[in-house]
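Student: I would like to go through this model by question and answer. Please keep the replies short.

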Amino acid sequence: MQKDRYRGEQNPITKVRNGYGTYIYENSFFRYEGEWLNGVKHGRGVLKMNDGSYYEGQFQNGEIEGDGRFVYQNGSQYEGNFHRGEKHGKGRLDSQDIKYNGDWHLNLMHGEGVLITNNYTIKGQFINNKPDGICSFLSDSYNYEGQYSKGLKHGTGQYKSENEDYDGLYENDLKNGEGTLIKRLSNYPNYVYEGLFKDDQPLLQVNTIKYKLDPVPEEPIDPKAKKGEPVIDLTQILVYELKSGKFINFDLNLVYQGPDIEDPVQPSPQEIDELVKNWQKEAKKQKNPPPMPDFAAKRMMKPAPILVQQESGRQLQIQLIQKLEQGNKLFRVDYREKLKKRREEIEKIKADIEAQKLLEEQQQQAPVKSKKDTKKQTKKQEPEVVDLSIKLYNEQDQEPLIVESKNGAVRVEFLEYPEDFPPGKYFYVIQNNSLHAIGQFQPCEIELNINPEGGTQQKKKK
């Protein structure tokens, strides 16, 4: 075992190390070269380790204390303030994975600073190595500026990415509270939700769609509804009989329908007994009656649906289908203006054909100037009969109608069908067409009877 060795200045009387000198520790791992005072490292010096790491800077009473630079075995280095050998105060750490310049507390990032990694940059306040307070986060995937707590987004903040922006409240890194969300996707309108969030999702998510045909039916569809009331109950399928030249309008409302809740009016014991007696009476009439329902169970009811007016930019697709045994057949959905333009185009084509036909007739009736012309004319056949019945309806045209919601609703107006559209029973199928919109619902159907010769009325489906 090698003994401690010192070369340098010392007190001539006490022989204690004092001044400038080099000291090699007994295990030879440490080597110190620098200033001494009363036998301990004090002042400026360099402490080297056999693994290649070293410290150069200030010492006080034998400890690393004050300004200095520590170079680690892997090449990382820290330059700044030290306290008892630990990073403490202002300093800069440079390594292969991270760079940090700012405040330190006992080897931890603590206070104001800038942290740069291979994937992101954080500028702001830190506590115990984590962002805590007001910070800005920059990365290739997203940027965030706002409040943090223990390394998580917590409080008010603004989040921006290529496909999504959010401005509002966070709790434990999740959207919670009031906020505005904007989602973007190529070939779709921006989806916007402005309202309450819970656990990173909008509190009100569309899970059904309701519609109202316009004008309101003369006869109520819902037997419980009063005469003249608008109908937006999806459970009531409407039948609309449409005559060519007439048009159909309807409103679509995006709705959140909550789960069943307990009915505030529960059956009394007397009512339960009466229900049981009535069921038993009817069961005796049956050979194999079903199990008796639990009439004493809590009576449940559906809460009132909530229109989700907080969102806009949801894209809906409206298809017209005919249900056949071999499968659904698609048809085009036309606005009145589109059909009007098509009618005008066809009228022009017909006029051109009529003009050409008239010209040919006039040429045939022109006087004959010579025997040669007479001979030619006698050989000429009669003009072919021209069919002017050009179709407005094109069976191959199956384009759906795409509409966009605003404040949770869509108004669809002036849908019309040409005179030569095949009559029969059809269905509007309305479904979500936005891949980035939050909340899904089952497609809903509106039954439509197209009768070019019939009247226009709405009636209850039998």
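Student: Which residue forms a salt bridge with lysine 425?

Tutor: This is a predicted model, in which local features need pLDDT of at least 70, side-chain atom pairs count only at pLDDT 80 or more, and totals for chains, interfaces and linings use all residues. Residues are numbered from 1 along each chain as its sequence is written, and side-chain values use heavy atoms, with hydrogens and water left out. A salt bridge needs a side-chain nitrogen of Lys or Arg within 4 Å of a carboxyl oxygen of Asp or Glu. At 3.9 Å between the closest N and O atoms, the partner of lysine 425 is glutamate 447.

Student: How many residues apart in sequence are the parts that this pair ties together?

Tutor: Strands are DSSP runs (E, at least two residues) and helices are too (H or I, at least four), numbered from the N terminus. Lysine 425 lies in strand β30 (residues 424–432) and glutamate 447 in strand β31 (residues 444–450), so the separation is 22 residues.

Student: Is glutamate 447 buried or exposed?

Tutor: Buried means under 20% relative accessible area, exposed over 50%, partly exposed in between (1.4 Å probe, protein chains only). Its partner, lysine 425, counts as partly exposed at 44%. Glutamate 447 has a relative accessible area of 3%, so the answer is buried.

Student: Which residue meets arginine 411 in a salt bridge, and where does the partner lie?

Tutor: The N to O distance is 3.2 Å, and the partner is aspartate 251. Arginine 411 sits in strand β29 (residues 409–415), 160 residues from its partner. Arginine 411 is partly exposed at 35%, whereas aspartate 251 is buried at 18%. The answer is aspartate 251, in strand β21 (residues 248–256).

Student: What does aspartate 260 pair with in a salt bridge?

Tutor: The closest N and O atoms are 3.4 Å apart, and the partner is lysine 302. Aspartate 260 is in the loop between β21 and β22 (261–262), the partner in the loop between β23 (300–301) and β24 (306–307), so parts 42 residues apart in sequence are tied together. Aspartate 260 is partly exposed at 42%. The partner, exposed at 55%, is lysine 302.

Student: How many salt bridges does the structure hold?

Tutor: Side chains of opposite charge can pair when their charged atoms come close. Glu164, Lys175, Lys183 and Asp200 are linked in a network of such bridges. The structure holds 19.

Student: Why do the buried residues of α1 line one face of the helix?

Tutor: Helix α1 (residues 269–283) has 15 residues. The buried ones are Ile272, Val276 and Ala283, while Gln270, Lys277 and Lys281 are exposed on the other side. An α-helix has 3.6 residues a turn, so residues three or four places apart point the same way. Seen down the axis, by the directions from the axis to the C-beta atoms, the buried residues line one face because they fall within an arc of 35 degrees.

Student: How many residues are in the largest nonpolar core?

Tutor: A nonpolar core is a set of buried Ala, Val, Leu, Ile, Met, Phe, Trp, Tyr and Cys residues joined through side-chain atoms within 4.5 Å. Those with the most contacts inside the largest one are Phe250, Leu252, Ile318, Leu320 and Tyr428. Beyond its neighbours within four places in sequence, leucine 320 is in contact (heavy atoms within 4.5 Å) with residues including Phe331, Val333 and Tyr428. The number of residues in this core is 62.

Technical notes. Expected span 1.5 Å × (residues − 1).
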